[in-house]
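Visitor: I should like to study one part of this model closely, namely its sheet. Could you describe how the sheet is put together, and what surrounds it?

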Amino acid sequence: MDDQGRGPDPRPEGTPGDPSGSSAEAVLRPLPYEGVWRFTAPAVDASVPQARHAVRDLLYRQGVPVSDDLAQGLLLIVSELVTNAVRHAAVLSPVLAVEVAVGAEWVRVSVEDNHPYRPTALEADHGRTGGRGLLLVREITLEAGGVCDVEHTSGGGKVIWAALPLKPVRVP
């Protein structure tokens, strides 16, 4: 996975709200819950609940200050992104990667696969079942005040990510 979105802000440089070049507050020391965790899984149906449970357990174990609503939104995003990778990319990508990056004021989840197709969050046909996963991811992300995107990787695949804001935490 490329390193875009890793740093003081979960968004790639040059997106709205990017603090580079501004007087962004300096981080004196990392908070106990900050870090980046990555795991891989086979692109099979059983990986969907496994990924969701792994992310839930990671957030809890690291003590990430997420509200119940934010945690549920993040877990739904993970489920949708892993489901999409399993359903649409498994032929060219038998393994997918899930990454959780947590900063002082944001949490970012992403799913990477090796399929070159770049999906878009289109308005779904209401007569069809399915086909609304990325639309749902986009809406959950926007409602939480976050950002999401799809990017190509250097290996020809893609990474789909969503970054949601955490409530600021004061460290003594």
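**The sheet and its surroundings**

Guide: Helix 1 lies across strand 1, strand 2 and strand 3, and runs at about 160 degrees to strand 1. Such angles go from 0 to 180 degrees between N-to-C directions, and the axes are lines fitted to C-alpha atoms, for helices over the stretch in contact. Contact here means heavy atoms within 4.5 Å. Helices (H or I, at least four residues) and strands (E, at least two) are DSSP runs, numbered from the N terminus.

The model is predicted, and local features therefore need pLDDT of at least 70, side-chain atom pairs count only at pLDDT 80 or more, and totals for chains, interfaces and linings use all residues. Residues are numbered from 1 along each chain as its sequence is written, and side-chain values use heavy atoms, with hydrogens and water left out.

The protein has three helices and five strands, and from the N terminus on these elements run β-α-α-β-β-α-β-β. The five strands form an open sheet in the order 1-2-3-5-4, with antiparallel pairing. Two strands are said to pair if DSSP finds at least two bridges between them. Strand 1 and strand 4 stand at the edges with a single partner strand each, so one side of each has no neighbour in the sheet. On average, neighbouring strands of this sheet are turned by 15 degrees against each other, direction ignored.

Consider the edge formed by strand 4. Strand 4 and strand 5 pair in the antiparallel sense over six bridges, and the bridge partner of Cys148 in strand 5 is Ala162. Helix 3 packs on the sheet here, touching strand 4 and strand 5, and its direction makes about 25 degrees with that of strand 5.

Helix 3 has six named residues that are buried (under 20% relative accessible area, where over 50% is exposed and the range in between is partly exposed, for a 1.4 Å probe and protein chains only). These buried residues are Gly133, Leu134, Leu135, Val137, Ile140 and Thr141, and they pack against helix 2, strand 4 and strand 5. Thr141 has 0% relative accessibility. Leaving aside neighbours within four places in sequence, Thr141 is in contact with Ile77, Gly146, Val147, Cys148, Ala162, Ala163 and Leu164. The bridge partners Cys148 and Ala162 are thus among the contacts of Thr141. Just after helix 3, Gly145 takes a positive phi of about 85 degrees.

The sheet also contributes to the largest nonpolar core, in which Ile77, Val82, Leu96 and Val107 touch the most other members among 34 residues. A nonpolar core is a set of buried Ala, Val, Leu, Ile, Met, Phe, Trp, Tyr and Cys residues joined through side-chain atoms within 4.5 Å. Helix 1, helix 2, strand 2, strand 3, helix 3 and strand 5 each give two or more residues to this core, and the largest share, nine residues, comes from helix 2. Not counting residues up to four places away in sequence, Val107 touches nine residues' worth of neighbours that include Leu59, Leu74, Val100, Ala162 and Leu164.Charged side chains link three of the strands as well. A salt bridge is a side-chain nitrogen of Lys or Arg within 4 Å of a carboxyl oxygen of Asp or Glu, and by this rule the count comes to seven. Arg38 forms one of them with Glu99, the closest N and O atoms being 3.7 Å apart. Arg38 lies in strand 1 and Glu99 in strand 2, so this pair ties together parts that are 61 residues apart in sequence. Arg38 also meets Glu112 in a salt bridge, at 3.1 Å from N to O. Because Glu112 lies in strand 3, that pair joins parts 74 residues apart in sequence. A further salt bridge connects Arg108 with Glu99, with 3.9 Å between the closest N and O atoms. Arg38, Glu99, Arg108 and Glu112 are in this way linked in a network.

Within this network, Arg38 is partly exposed at 41% relative accessible area. Glu99, in contrast, is buried at 3%, Glu112 is buried at 10%, and Arg108 is buried at 2%.
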